[in-house]
Amino acid sequence: MNDIFQCGDSAALVAYLYDECAPDEQALIAAHIKGCAACASEIDALSATRRTLAAWTPPDLALGFRITREHEPRPAKILEPKIAWWRAPLPAWAQAAAALVIFAAGLSVGAIRNTNTAPPQTAAAPTVATEVNTQPATASVTPDDLAKLEKQLRSEMAQRTSSSPATQVAARGSDDTLLQQVKGLIEESEANQRRDFTLRMVELAGNVENQRRVDLASVRQQMGLQQGAIGTELRQQREVLGRLVSERTR
Amino acid sequence: MTTTDEELVARAQGGDVESFNQLIVRWERPIYALAYRVIGKEEDARDVCQDAFLRAYRALPGFKGQAKFSSWLYRIALNLCRDWIRRQRRAPVSQLPEDADAIEMASETGPVESIEDLVARRELSAIVEEAMSELSEEQRTAIILKEYHGMTFQEIADMQGCPLSTVKTRLYQGLSLLRRRLEQQGQLTPELVKRV
């Protein structure tokens, strides 16, 4: 700070107010204030402001912070069984991507098929699917029924693949027809997928039925063998008993 | 004989948690008061205070004693307050609730102070809070550190990272603004001013 105090020097006044100036400077300012009403008034007002500030008290909150441990214990390591990477469950994004790829592949297969087929006959496929779905593969379905249905589906598919694409090719003139075609392709693809699915379900039901029969036959055979063995044993025991009784009577 | 901060810090650095807890007991009230006055929210100030001690504890191995422990702690708390203010982006000083109940307030203090005095003190406190909230963050912090924590100009300059002259300017301008505001509110009467 300068040795010569200038009237109105705010920095010097603040230093004086907080009693943070050198003793000689303190005396200099004190002497100035005695003769300067403006600086005296300023110091009085700032001092009164400081006194008022003392009224501002923070709320009396209970604090009581404590550090309870030197080191937080590390969380226990969770041991998980090691799963081979090919058996580990896929993350959701990978599953979604796989589903998308499968769907796209299905669409493209349908589209390829439709380039060589007639316009879709959308009414027929759902009817078949409905019919199949309403007939559950229970014991009431005979193998003949299944074979008949399979034959029907196969013939229908063969008809479709052999039909002419002429009408579709001719219809590719305008956007509307293109849109119609795309819609048709999608519907056709969906119908194909439904049909394939139905066919597979029918095949599966047939396989299950065949397997059931084989199992039943096997069980019967096993039962027969066991019954035979038990019968033989019983016969032998009866013979031994007969022999013992005859010996006693003698 | 009272153990000094430096001794407690040394013990805490050696792994004695209780020594650090003694430092907390010693400094939690001033740090909380600082946080409350700077940010103006009771619970947030409490959180800032807690966070300041937690950070100080974690950073204790790196504390080499270049500054006083209290100055270091104040700096941590002030930095957290600044972060809080930046996050909030709004007037940092809270108001006394309008529906503050005088009876409830009376029960918070001892029986010496009458309810009238208590209400008057609370009102004045609210006026000061409001006036302080109108200052800039730098002016408010400088006044808080000087008035309520008794720091020197140099310590405030170190804390705020500015020259000494800037601290004096902030204090002078801040006090002048407060003075005007308090005069407008009728809190600085000529009688009060003349008491000096």
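**A colleague's note on a two-chain helical model**

1. Let's start where the two chains meet. The contact draws on 28 residues of chain A and 43 residues of chain B. On the chain A side, helix H1 (10–17) and helix H3 (37–53) each contribute at least two residues to the surface that touches chain B. The largest share comes from H3(A), with 9 residues. Sorted by class, the chain A side holds 17 nonpolar, 5 polar and 6 charged residues. Please keep in mind that this is a predicted model.

2. Next, take a look at chain A as a whole. What does its secondary structure come to? Chain A has 8 helices and 0 strands, so reading from the N terminus you will meet the order α-α-α-α-α-α-α-α. Of its 250 residues, 15% count as buried. Among the contacts in chain A between residues at least 6 apart in sequence, 78% join residues at least 24 apart.

3. Chain B can be read in the same manner. Its secondary structure comes to 10 helices and 0 strands, and the elements run α-α-α-α-α-α-α-α-α-α from the N terminus on. Chain B has 196 residues, of which 30% count as buried. For contacts in chain B between residues at least 6 apart in sequence, the part that joins residues at least 24 apart is 62%.

4. One residue in chain A deserves a pause. Asp19(A) has a positive phi of about 60°, although it is not a glycine. As background, most residues other than glycine have a negative phi. Where is Asp19(A) placed? You will find Asp19(A) in the loop between H1 and helix H2 (23–35) of chain A. Is Asp19(A) buried or exposed? Asp19(A) is exposed, because 7 other C-beta atoms lie within 10 Å, and a residue counts as exposed at 12 or fewer.

5. Helix H4 (residues 69–88) of chain B is a nice one to check with a ruler. At 1.5 Å a residue, its 20 residues should span 28 Å, and the end C-alpha atoms are 29 Å apart, which agrees. The expected span is 1.5 Å times one less than the number of residues.

6. Which residues of H4(B) are buried? They are Phe69(B), Leu73(B), Tyr74(B), Ala77(B), Leu78(B), Leu80(B) and Cys81(B). Seen down the axis of H4(B), these buried residues fall within an arc of 165°, so they line one face of the helix. It helps to recall that an α-helix has 3.6 residues a turn, so residues three or four places apart point the same way. The face of H4(B) turned away from the buried side carries the exposed residues Asp83(B) and Arg86(B).

7. What do the buried residues of H4(B) pack against? Their partners are helix H1 (5–13), helix H2 (17–39), helix H3 (42–59), helix H7 (137–147) and helix H8 (153–160) of chain B.

8. Now follow the chain to H8(B). Phe153(B), Ile156(B) and Met159(B) are buried in H8(B). They cover an arc of only 125° around the axis, which puts them on the same side of H8(B). The cover over the buried residues of H8(B) includes H4, H7 and helix H9 (164–184) of chain B. Just after H8(B), Gly161(B) takes a positive phi of about 65°.

9. H9(B) passes the ruler check as well. Its 21 residues should span 30 Å at 1.5 Å a residue, and the end C-alpha atoms are 31 Å apart, which agrees. The buried residues in H9(B) include Val167(B), Leu171(B), Tyr172(B), Leu175(B), Leu178(B) and Leu182(B), and also the charged-class residues Lys168(B), Arg170(B) and Arg179(B). Just after H9(B), Gly186(B) takes a positive phi of about 75°.

10. Finally, how do H7(B) and H9(B) pack? Two packed helices are described by the angle between their axes and the distance between the axes. For H7(B) and H9(B), the angle is about 95° and the axes are 8 Å apart. The two helices are therefore roughly perpendicular to each other, since angles of 65 to 115 degrees count that way. On the H7(B) side, the residues that meet H9(B) include Glu138(B), Arg140(B), Ala142(B) and Ile143(B). Their partners in H9(B) include Val167(B), Arg170(B), Leu171(B) and Leu175(B). By class, this contact of H7(B) with H9(B) has 5 nonpolar, 3 polar and 4 charged residues.

How values were computed: Residues numbered from 1 in each chain as written. Chains lettered and ligands numbered in written order. Predicted model: local features only at pLDDT ≥ 70, side-chain atom pairs only at ≥ 80, totals over all residues. Contact = placed C-beta atoms within 7 Å. Helix = DSSP H or I, 4+ residues; strand = E, 2+ residues; numbered from the N terminus. Buried ≥ 20, exposed ≤ 12 C-beta atoms within 10 Å, placed from the backbone. Arc of directions from axis to C-beta. Axes fitted to C-alpha atoms, helices over the stretch in contact; angles between N-to-C directions. Parallel < 35°, antiparallel > 145°, perpendicular 65-115°, else oblique.
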